[in-house]
Every structure is written in structure tokens, then in C-alpha cells.
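Here are my notes from going through this one, in the order I'd look at things on screen. Skim them with the viewer open.

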Amino acid sequence: MDPCTSTNELRIFVGTWNVAGRSPVGSLAVDLEEWLKPQDAADIYVLGFQEIVPLKTRTVIGAEDPTEATNWNLLIGKTLNENFGCPWLTPMLNPVSSDNYQYVKVPDCERRASFSGVIDSTLMRGRWITQYHQQLVLGGSKYKLMASKKMVGVFISVWMKKELLKKYCVSNVKVSSVACGIMGYLGNKGSVSVSMSIEGTSFCFIAAHLASGEKNGDEGRRNRQVSEIFKRTSFPRSAKDDDNRHPLTILGHDQIFWFGDLNYRLDLEDNLARDLIKKQDWKALQGFDQLRKEQEDGGVFEGWREGNIKFAPTYKYSSSNCNRYSGGLPNRSGEKQRTPAWCDRILWYGKGVKLLSYFRSESKFSDHRPVSAQFSTQIEVMKSTNSRFLDKETNFHNIMPPEQIGPSINKEEGKPTLLSLIVKDTESSSTHMQVDTNY
């Protein structure tokens, strides 16, 4: 430890939920409150969603529609802030679309008081003032939206206690997306990521939705998509960055969290899997889990960690408002035959991270159950650091998804290991290579 630095603790809540194309309406507010457990308030909430829109041709190929991302962010903010006794302004006038934005520090000399500056990600026509975004800035809320990114149905939303913005230097908040679905480049599958630095510690959060399927060889498609996400996720430097160099790639960060509907299945016959589930023999069941094998030597997640799974598989339930797995014998008419599996997972990589809890929630909103993990993390803080930041503007910066993709991985070439990717990342950082603008 540098004698000029000390370590402070932050509590981070990471959650993932495949919502099966359903909009955040009706009684979902109760389910969301149970999932986020705001009475056990974390310092940072990082939420990843999959299928916030139905994965149909129109939504996959058509222009991005920010409506559902905005609705989810409004509901998340309402849930986090109302539970601390903060009033929430309703109705909201002219809600600004919020599918692509990120927090940006504003120098004292440029700071404007009493309003939030935003750029509409679809209209891009200048500044608007809304009750919702005033609420986020003017002290009526306890949590501030730091970053959000949507790509088709994959969505990430990061929230932080406002008091931390006064206590710590939060910088270089950036977003990235990688589309690697149909034909290797459509956004029905892929990832959205957020990079940020808190004092001297860099964080990367990756929300992913990987290829589905439980046939032999389907796990290979998932592995190749993981490798593509490692290679193609980038956080280029810009003129607005501060003097501190930030990581350009996933593996350049100090603490990394990868979560989502990763879709890894059980290499086990359906009836045997269901028998172990009835016995709640989670340890035996994990012996057949594909993702656990990828965390071993030579796997795409070699060296990554995950909590001990002490809950039932989270997919696939028969329908919304149902606690019965789809399929089985006798199979009901019209139901898909799916072996239950832990598709929804949370992994981490790096030092200074301690897992506090790993659990699933019981919302019946979709055919997946939400999964959450609570972490205690250590950040490096300069001992001479004082409170440096008061209220800041929020700049909403549109970042388009990649238009071109990198080379795909041939089966004959084998899948890259984590070690080989780390070596490539180290070489890139040491030579300060520029990021390919095609990405």
C-alpha cells in the first residue's frame, strides 16, 4: 500500500433479471422493492436486464426505442428513493429518454446552479429541464443515476448515493456495447458495459445476454460470444477526460463484475436434474453446470469467481405468475421442454472484493427469477483528499453501438483463455495503443 493512500469500503449491489419482453407496469413496483431490498441500502446499485423489449425482427433490426429504458429507470429511481422517505415529483413533465447516458464531471467554473443539463439521445436538439431530472440533482433524491446503456433488449443502469459524490472523486464514467447475436453482429445478444473510477480504483460492470440453447455445442457459441465481448468492449479516451488515464478494456480495470442471462446449462438429463432439484442437492447439481467448467483452467472465465449457489435454478418457469418449471413429464400441451438451469449469474474478478450474499428473488414477473449479489469492495483513497465535489450537472452523451465487428473466432483456433486476454490487455496499456474507430 502506498503510504499516501488509504482504503475505504463501499457496498455494491449487483442484480440481473431477464424480464421476458415485459414492460415495467402493474404490481412490478412491489417485486422491484423486494428484489432491491432498499432497507439494506447499498452505496452503489448496478442492475442488468435482458429482454426489456420482445426480441422480434422489428426491435432487433429497427432503430433503438428509448421508451422501455426510460420507464425502467424511472421505476428504479422511484423504488430506491421513495423508500428513504424522499418525495417523488409526479406527474413528470416531458420525461427525457434515458437509454444512453453517462455522468460527467463539470468543472467549478462551468457549473450551473439549480438545473440538470441533458441531451436527448433520440432528438439531440439541445437542453431540456424536467421535474424528473431536477429531482435527481437538486437533493430530493438519495441516489443519482450515474450511467445507463441500452442495446435492443440488454440494459444496464448504475446508481450511486449522492453523498459519495461529495466524498469521493468519481471520474471517467463511460459506456460501451458489443452486439454479437444473429450473424455475429445483431444486438439480440451481446453486452452493455459501464466503466468508472472512484478515487484510485477502477470498476467495470458488464451486463450480458449470451446465446441460448441446451443442445451439444451450444455452450461453444456462448464461449465465443464471451471472447468477442472481451475483445471488442472498449472505453476510448476523449478530450473531456481528466488527467488520470482510465482503462481502455475490460481486463484493465481493478474490479470487474460480469452478470446477466449467461444461458449456461446443465449437462444432465432432464429427469435427473429435476430429481436433484426436488432434493435441493445444489452441490451435486453444480457438478454438471457448464459455467463452473468455464471457470477452470483453460475456460473463458478462468480465474473468475462466483458465490456458492444455494438456491434453485432460475430458468425456465412455465409462465408468469407460476412457480412450476416448464416441461417435465407429463409435458403440458404447448409448453417448451427445457431442463431447469442456473442461466442467470453474477461473476467477479479482481482484488479487494468480498462477497456478502448471493441469492435469487421470487418475483413471478417473467419465466426467469432475478438474481442478486451484495459485495463489500475496497477503494484506494488519497489521504490528502478532501470533499471535492458538490452537486454536479448530468450530461447525457449518446454513444452508438458498434457498426462493424471484429474478426470472429474459428473453432479450429480454439477459444482464448483469460490469461491470453490479460497479456493482450497489458501490451495494449503499456504501448498506449489507439482504439480502432470502427468499434
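**Notes on the model**

1. Let's start with helix H6, residues 218-232. With 15 residues at 1.5 Å a residue, H6 should span 21 Å, and its end C-alpha atoms are indeed 21 Å apart, so the two figures agree. How much of H6 is buried? The count is 11 of the 15 residues, so the helix is largely enclosed by the rest of the structure. The buried set is a mixed bag: it has Val226, Ile229 and Phe230, but also Asp218, Arg222, Glu228 and Arg232, among others.

2. Now the overall picture. This is a predicted model, so read everything here in that light. The protein chain comes to 10 helices and 12 strands. Of its 439 residues, 56% count as buried. Taking contacts between residues at least 6 apart in sequence, 74% join residues at least 24 apart.

3. On to the cores. The largest nonpolar core has 80 residues, and Phe49, Met196 and Ile198 have the most contacts inside it. Strand S5 gives the most to this core, with six residues. There is also a second, separate core of 21 residues, which includes Val178, Leu210, Phe235 and Trp304.

4. Met196 deserves a click of its own. Setting aside neighbours within four places in sequence, Met196 is in contact with a long list of residues, including Met146, Val158, Met160, Val170, Val173, Phe203 and Phe205. Polar residues turn up on that list too, among them Ser171, Asn172, Thr201 and Ser202.

5. Next, strand S12 (residues 371-382). Nine of its 12 residues are buried, so S12 is largely enclosed by the rest of the structure. Which way does strand S1 (residues 5-18) run relative to S12, parallel or antiparallel? The two are antiparallel, joined by 12 bridges, and Gly15 stands opposite Ser372 of S12. Strand S11 (residues 353-360) also pairs with S12 in the antiparallel sense, over seven bridges. In that pairing, Lys354 has Ser376 in S12 as its bridge partner.

6. Staying with S11, have a look at Val353, which sits in that strand. At 11% relative accessibility it falls under the 20% cut-off, so Val353 counts as buried. Beyond its neighbours within four places in sequence, Val353 is in contact with Gln255, Phe257, Trp348, Phe375, Ser376 and Thr377. The C-alpha atoms of Val353 and Ile256 are 9.4 Å apart, with the two positions 97 residues apart along the chain.

7. Helix H1 has a clear sidedness. Leu28, Leu32, Trp35 and Leu36 are buried in H1. Viewed down the helix axis, the buried residues of H1 fall within an arc of 85°, so they line one face. The elements covering them include S1, S2, helix H3 (67-82) and S12. Just after H1, Lys37 takes a positive phi of about 45°.

8. Asp43 is one to check in the loop between helix H1 (28-36) and strand S2 (44-50). Is this aspartate buried or exposed? It counts as buried because its relative accessibility is 13%. A polar atom of the Asp43 side chain lies 2.8 Å from the backbone nitrogen of Arg11. Leaving out residues up to four places away in sequence, Asp43 touches Glu9, Leu10, Arg11, Tyr143, Trp159, Met160, Lys161 and Leu164.

9. Finally, some backbone geometry to flag. Most residues other than glycine have a negative phi, and most peptide bonds are trans. Val152, in the loop between strand S4 (143-151) and strand S5 (154-161), has a positive phi near 55°. Val152 is buried, with a relative accessible area of 5%. Glu199, in the loop between strand S7 (190-198) and strand S8 (201-209), also has a phi near 55°. Glu199 is buried as well, with a relative accessible area of 14%. The peptide bond from Tyr315 to Lys316 is cis, with omega near 0°. Lys316 belongs to the loop between helix H9 (290-294) and strand S10 (344-350).

Methods:
Residues numbered from 1 in each chain as written. Predicted model: local features only at pLDDT ≥ 70, side-chain atom pairs only at ≥ 80, totals over all residues. Heavy atoms only, no water. Helix = DSSP H or I, 4+ residues; strand = E, 2+ residues; numbered from the N terminus. Buried < 20%, exposed > 50% of the residue type's maximum accessible area, 1.4 Å probe, protein only. Polar contact = N/O pair within 3.5 Å; in protein donor to acceptor, adjacent residues only side chain to side chain. Contact = heavy atoms within 4.5 Å. Core = buried A, V, L, I, M, F, W, Y, C linked by side-chain atoms within 4.5 Å. Expected span 1.5 Å × (residues − 1). Pairing = 2+ DSSP bridges. Arc of directions from axis to C-beta.
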